[in-house]
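Reader: I've got a few labels I'd like to see justified. Can we go through them one at a time?

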Amino acid sequence: MQFYNQGFHPGDPRITDPADRVIAPPLKHPLPTQVDVMIVGCGPAGLNLAAQLSKFASISTCIVEQKDDRLLVGQADGIACRTMEMFEAYDFADQIKQEAYWVNETAFWKPDGKQPQHIARSGRIQDVEDDLSEMPHVIINQARVHDAFLDVMRHGAGKIVPHYSRKLLNLEVSPEKTDYPVTLTFERLDSQHLGVIETVEAKYVVGCDGARSTVRQSIGRELVGDSINQAWGVMDVLATTNFPDIRLKSAIHSTHEGNMLIIPREGGYMVRLYIELDKLKDNERLTKQSITTDYLIAAANRIMQPYSIDVKEVAWWSVYEIGQRLTTAFDDAEEGRLPHVFLAGDACHTHSPKAGQGLNTSVNDTWNLGWKLAHVLTGRANAELLQSYSFERQTVAQQLIDFDREFSKMFSAKPKSISNPDGVDPAAFQQYFVQFGRFTAGTAIHYPESDLVKSGQHQFLATGQTIGMRFHSAKVTRLADAKPVHLGHSMKADGRWHILAFAGKHPFMGDDCQVNALCDFLQNDMASPIARFTPKDADIDAIINLQAVFQVSHREVEMTDVHSLLQPAKGRYGLRDYEKVYSALSADGCFYEKRGINKDQGGILIVRPDQYVAEVLPLNDHQGIVDFFEKVLIVVS
């Protein structure tokens with residue numbers, strides 16, 4: 001899509017008249033007095049959590065924001081491949097892909113060896129390695145992502161709409177109160193109710209309220225870390241230029257004028273400039289009052305010599321300082337007491353934006369937490385499950401801080417030269433960029449061993465689906481309708497577990513077929529986790545979704561031979577679900593070969609509601625399935 005050629009206007013670019021893109025301001029409803037979950041902050045972390053919880057009508061969720069309306073422009077723009085996979089689980093990835101700029105290649109520029117005051121291209125590389133993900137790395141206005149989450153929230157069973165113009169004044173946890181142990185006090189900021197105080201009692205609170213988080217301060221946690229005293233300006237601009245790589249992500253190191261990162265934006269015309277400013281003194285802070293857009297534009301032109309850029313319109317701009325900080329804990333748990341207050345996003349980790357990890361890490365925080373809260377609040381799991389959030393996410397945040405510290409240092413350093421032998425070698429910076437490509441894509445997250453991530457005794461049955469890492473999707477062919485689909489796209493943001501049964505060498509649904517035997521066990525045995533943990537009035541796949549993949553072509557078998565558990569009756573009319581059985585063969589090749597599934601023995605993958613592989617088992621290890629789910633789920637009363 002191309003847009004913004006007549007100037008920047010926020011909102012849906014499919015709507016021609018910008019005036020028609022305006023959404024009516026939210027109604028100013030009072031806050032509820034009691035809720036299951038109170039989310040403080042309408043950033044990407046908070047909205048992602050609300051979107052997950054909106055899938056559950058039985059969970060009362062409230063989300064508040066100090067600003068007076070939804071975000072319209074600016075802030076984060078880089079969406080990693082793994083985050084796009086998450087968006088697919090909400091069914092809005094295609095919309096984002098259509099609007100966004102796709103980062104296909106990255107260009108690197110360094111001082112020209114013959115004319116050091118000028119820059120010259122030193123290399124171009126593929127941004128994301130082949131088959132790392134079915135999703136691209138994209139760039140889009142964060143506000144458009146917010147709009148997509150808001151739609152999911154509004155249309156979900158929980159029908160969640162944010163409450164704006166609320167400032168959190170105080171938060172207190174009373175462990176002796178077993179029903180609603182957290183009390184929050186808010187002040188209204190809207191003109192019609194200015195100064196009105198509201199009190200809300202909550203079972204759980206999630207602070208997604210940024211680096212100066214009131215929630216974090218209320219539970220006695222703090223951000224710990226340092227700053228490298230480096231300042232940067234950022235601008236979204238509509239401009240003309242003779243710089244040849246203006247529509248490529250470009251990292252520029254100049255000899256004496258500083259460094260710059262160019263990020264093309266959606267629509268084909270807009271571009272984001274990250275511009276290095278002078279090094280700060282100790283305790284010095286930069287603000288928009290001390291830096292102007294003219295200053296940033298002039299700095300960009302000095303860095304780009306012999307090229308120039310003529311800025312026609314500034315859609316958004318800001319200044320920031322690089323620093324890496326991590327909170328001392330991601331929740332309020334204490335010795336002998338389970339957590340009731342959680343932190344996510346910038347409230348528990350901050351870093352530079354140039355590696356594009358802020359939004360992506362934030363939404364992955366609440367992607368991890370959301371299904372766990374839903375499990376506890378719907379009675380599927382004990383509250384001890386919530387301890388795993390801090391256990392898993394704090395390690396990931398530390399890895400991000402370590403990466404960002406080195407990345408920022410290399411990017412901010414002067415280029416290595418005869419006069420500056422201690423500078424950074426542009427070739428080394430490019431190699432570092434390639435080396436950590438999987439990390440920046442979000443696909444390198446590897447959760448440690450626990451009740452939710454097993455030891456990997458049978459990893460050899462699925463060598464390309466690492467236990468503790470996200471399920472790596474590939475195409476299969478659905479048996480019933482011959483449609484090529486990504487297997488991972490069957491795992492939606494609905495809080496369900498997934499058992500994927502990959503058939504071995506035995507004939508399709510024959511007497512020796514271990515998938516057939518597995519279906520018999522899961523459907524009929526009293527020890528079956530499907531039989532034990534599925535509520536009596538719910539669909540058979542409401543808690544655990546069983547699917548099967550076979551090595552035969554979809555044209556060689558009949559759906560009439562498929563076990564009844566793989567085509568269950570669902571809904572008020574008992575209609576058959578025909579979308580649980582696949583052939584591993586597609587025009588893209590064989591899923592088994594792409595993802596290391598053992599062709600002779602097959603295997604079972606247990607995949608968590610957040611799409612991370614929890615266990616790999618032999619097809620006949622029914623007891624292994626029982627043992628896994630007994631440590632996670634409880635019988636719904």
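Author: Sure. Keep in mind that this is a predicted model. To start, a search of the whole structure turns up zero disulfides.

Reader: How do you know that cysteine 62 isn't bonded to cysteine 42?

Author: Check the sulfurs. A disulfide needs them within 2.5 Å. The closest cysteine sulfur to that of cysteine 62 is in cysteine 42, 9.2 Å away, so the pair is too far apart for a bond.

Reader: And why is cysteine 62 called buried?

Author: The label applies under 20% relative accessible area. Cysteine 62 has 2%, so buried is the right word. Cysteine 81 gets the label too, because its relative accessibility is 0%.

Reader: What makes helix 2 "largely enclosed"?

Author: It's a head count. Helix 2 spans residues 81-89, and nine of its nine residues are buried, so the rest of the structure largely encloses it. Among them are Arg82, Glu85 and Glu88, along with Met84, Met86 and Phe87.

Reader: Which elements do the buried residues of helix 2 pack against?

Author: Helix 1 (44-53), helix 3 (93-99), helix 4 (142-155) and helix 7 (358-377), plus strand 3 (78-79) and strand 7 (138-139). Contact here takes heavy atoms within 4.5 Å. After helix 2 comes aspartate 91, with a positive phi near 70°.

Reader: Let's move on to the sheet. What makes strand 19 and strand 28 edge strands?

Author: The sheet is open, with seven strands in the order 19-18-24-21-20-27-28 and mixed pairing. Strand 19 (484-486) and strand 28 (613-617) each pair on one side only, which is what earns them the name. From one strand to the next, the twist averages 30°.

Reader: How do you know that strand 20 and strand 21 are paired?

Author: Pairing takes at least two bridges. Strand 20 (residues 497-502) and strand 21 (residues 544-550) are joined by six, and they run parallel. One example is tryptophan 497, whose bridge partner in strand 21 is isoleucine 544.

Reader: Which strands does helix 11 touch?

Author: Helix 11 (residues 514-524) packs on the sheet and touches strand 20, strand 21 and strand 27 (603-607). The direction of helix 11 makes about 165° with that of strand 21.

Reader: Last one: where does the "Phenol hydroxylase-like C-terminal dimerisation" label come from?

Author: That's a UniProt domain annotation from an unreviewed entry, covering residues 445-634. In the model, that stretch is 16% helix and 22% strand, with its end C-alpha atoms 28 Å apart.

Key:
Residues are numbered from 1 along each chain as its sequence is written. This is a predicted model: local features need pLDDT of at least 70, side-chain atom pairs count only at pLDDT 80 or more; totals for chains, interfaces and linings use all residues. Side-chain values use heavy atoms; hydrogens and water are left out. Buried means under 20% relative accessible area, exposed over 50%, partly exposed in between (1.4 Å probe, protein chains only). UniProt positions are given in the numbering used here, feature names are shortened, and annotations may be inferred rather than shown by experiment. Helices (H or I, at least four residues) and strands (E, at least two) are DSSP runs, numbered from the N terminus. Axes are lines fitted to C-alpha atoms, for helices over the stretch in contact, and angles run from 0 to 180 degrees between N-to-C directions.
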